[in-house]
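Here is a short walk through one protein model, written for someone who likes to keep the structure open while reading. Let us take the helices and strands in turn and see how they are put together.

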Amino acid sequence: MKNFRLLSPLLALVLVLGAFTTPAAALEAPSLTATSAILVDVTYGTEVLYERAAHERVYPTGLTKVMTALLAVEAVERGELSLDQQVTASSGINQGIMAGATIADIKVGETMTVRDVLACVMIPSANDACNFLAEVVSGNISTFVAAMNQRSEELGCEDTHFTNPHGLHDSEQYSTAWDLFLICQAAMENPTFRELASVGQYVVPATNLYDQRILHDTNSLISTHIRIGYYYQYATGIQTGASDESGRCLAASATRGERSLIAIIMGCERPAGSAAGEGFLEFTEGKRLLEWGFNNFSRQTILTSTDLQGDIPVTLSQTAFVAAQPNGTLEATLPDDVDISSFTYDTEYFSESVQAPVEKGQLLGTITVSYGDRVFGTLDLVAVSDVERSGYLFFRERISTYFSQLWVKIVLVILILSILIVVVWTVFFEKRGGSGSRYSGSRGYRGGRRLR
């Protein structure tokens, strides 16, 4: 549709594409060694602040455990399990666990609560606990893996395939930073998952086959027990992973004030010769990326009901135009130094004009705000004021409309033709009638004498 007399000069500005998903042409991105990464603000939905190769396939390694834990807490939500339910480990807990893999040393026949098994999965990243939890949720590991893949599809993951519940390397198991974010986002919406993801230490009481276990989080943004120098006071989770094939990986979440961010870091390499506790770049880069997001972005208003007023022609009124304005407000998380004038504001009216009477608040069209390929949202355009209808113009338009109808035109043509026919007929026979009278008179007289 056409745009009519749009008042704001913003519409005429040309868009300069930035390097990031959000308009951040002037904002310098943090330097990362990760092969792929993504940072998303989840405070008001899903707003990507940074990404690098976020849709390229990678080995998910221990971040697989987020999906394993998610299925377990969702089963609890559905009432299929309870966190205090006692469950017993079968021989399946050791399936696919190679020597040197992280385990909680769970014994076949050992009985624990679902909460304790879940804690062993999430806090020390124990692989045997993943198999245990899979059997608890689905009865067997293969059925559980099928459920993992089904759930990932439901979450919108397009490049993810799971073959086991723990993440130990399998060339057929893959994901992307973006897909792993989707899984983490869903998991962090669950209060049980969110609670355990932020726990630095957890005590598993003694069981029938094992003494008390003290679990320490492998996420050094949360816990300083394993290594120091990486703690981040705003961190709230989520999971770590590492293998020769995947490199060192981290799913990290943090909350500062009202804002919550999730970062996925994949493929970091620990520099050769690093001293004990040093060179764990997944934590260094994860913390740096989260801080960058908090320090350089804020919630900003990009459109309000007082912005970008335009107008549209009005018919059947002495008032030529009615002003239109957005109905509501659009906000987005943007770089602090963003130039709002670089946005594109597209208006679309439902028709080229509106017929009076017009009521204040009447829907006239829409306005959409975008930056490059990113659409921030669409608001309705509504009339700013009432516009009265002119009685004279309305009557004239009704008459014009009535006589413009085809059937009326046909009737008028028929009527006119009928009148013409009657007129012609009348004139013709009047002439014939007059001639007959004179002829009759000539037969009655001849030479002025009456004939007998």
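A good place to begin is helix 5, which lies across strand 1, strand 2, strand 7, strand 8 (247–256) and strand 9 (259–268). Its direction is about 140° to that of strand 9. Please keep in mind that this is a predicted model.

The strands under discussion form an open sheet of five, in the order 2-1-9-8-7, with antiparallel pairing. Which strands stand at the edges? They are strand 2 (47–52) and strand 7 (235–243), and each has a single partner strand, so one side of each is left without a neighbour in the sheet. On average, neighbouring strands here are turned by 5° against each other, direction ignored. If you zoom in on strand 1 (residues 36–41), you will find five bridges joining it to strand 2. One pairing to look for is Ile38 with its bridge partner Glu51 in strand 2.

Helix 5 (residues 177–188) also has a helical neighbour: its axis and that of helix 1 (residues 64–77) come within 9 Å and cross at roughly 35°. The crossing of helix 1 and helix 5 is left-handed. On the helix 1 side, the residues that meet helix 5 are Val66, Met67 and Leu70; helix 5 brings Ile183, Cys184, Ala186 and Ala187. What kind of residues make up this contact of helix 1 with helix 5? Seven are nonpolar, with no polar and no charged ones.

Now turn to helix 7 (residues 281–296), whose 16 residues reach 22 Å from first C-alpha to last, close to the 22 Å expected at 1.5 Å a residue. Its buried residues include Leu281, Phe283, Leu289, Leu290, Trp292 and Phe294, and Glu282 and Glu285 are buried in helix 7 too. Among the elements covering the buried residues of helix 7 are strand 1, strand 2, strand 7, strand 8, strand 9 and strand 10 (297–303).

Further along the chain, strand 11 (residues 310–315) takes part in two pairings, set beside the strand 1 pairing in this table.

| Strands | Sense | Bridges | Example pair |
|---|---|---|---|
| Strand 1 and strand 2 | antiparallel | five | Ile38 and Glu51 |
| Strand 11 and strand 12 (residues 321–326) | antiparallel | four | Gly310 and Ala324 |
| Strand 11 and strand 15 (residues 354–355) | parallel | two | Val314 and Val354 |

The hairpin of strand 11 and strand 12 has five residues between the strands. In that hairpin, Leu316 takes a positive phi near 65°.

Technical notes
Residues numbered from 1 in each chain as written. Predicted model: local features only at pLDDT ≥ 70, side-chain atom pairs only at ≥ 80, totals over all residues. Heavy atoms only, no water. Axes fitted to C-alpha atoms, helices over the stretch in contact; angles between N-to-C directions. Left-handed = near helix turned anticlockwise from the far one by under 90°. Contact = heavy atoms within 4.5 Å. Nonpolar A, V, L, I, M, F, W, Y, C, P; charged D, E, K, R; others polar. Pairing = 2+ DSSP bridges. Expected span 1.5 Å × (residues − 1). Buried < 20%, exposed > 50% of the residue type's maximum accessible area, 1.4 Å probe, protein only.
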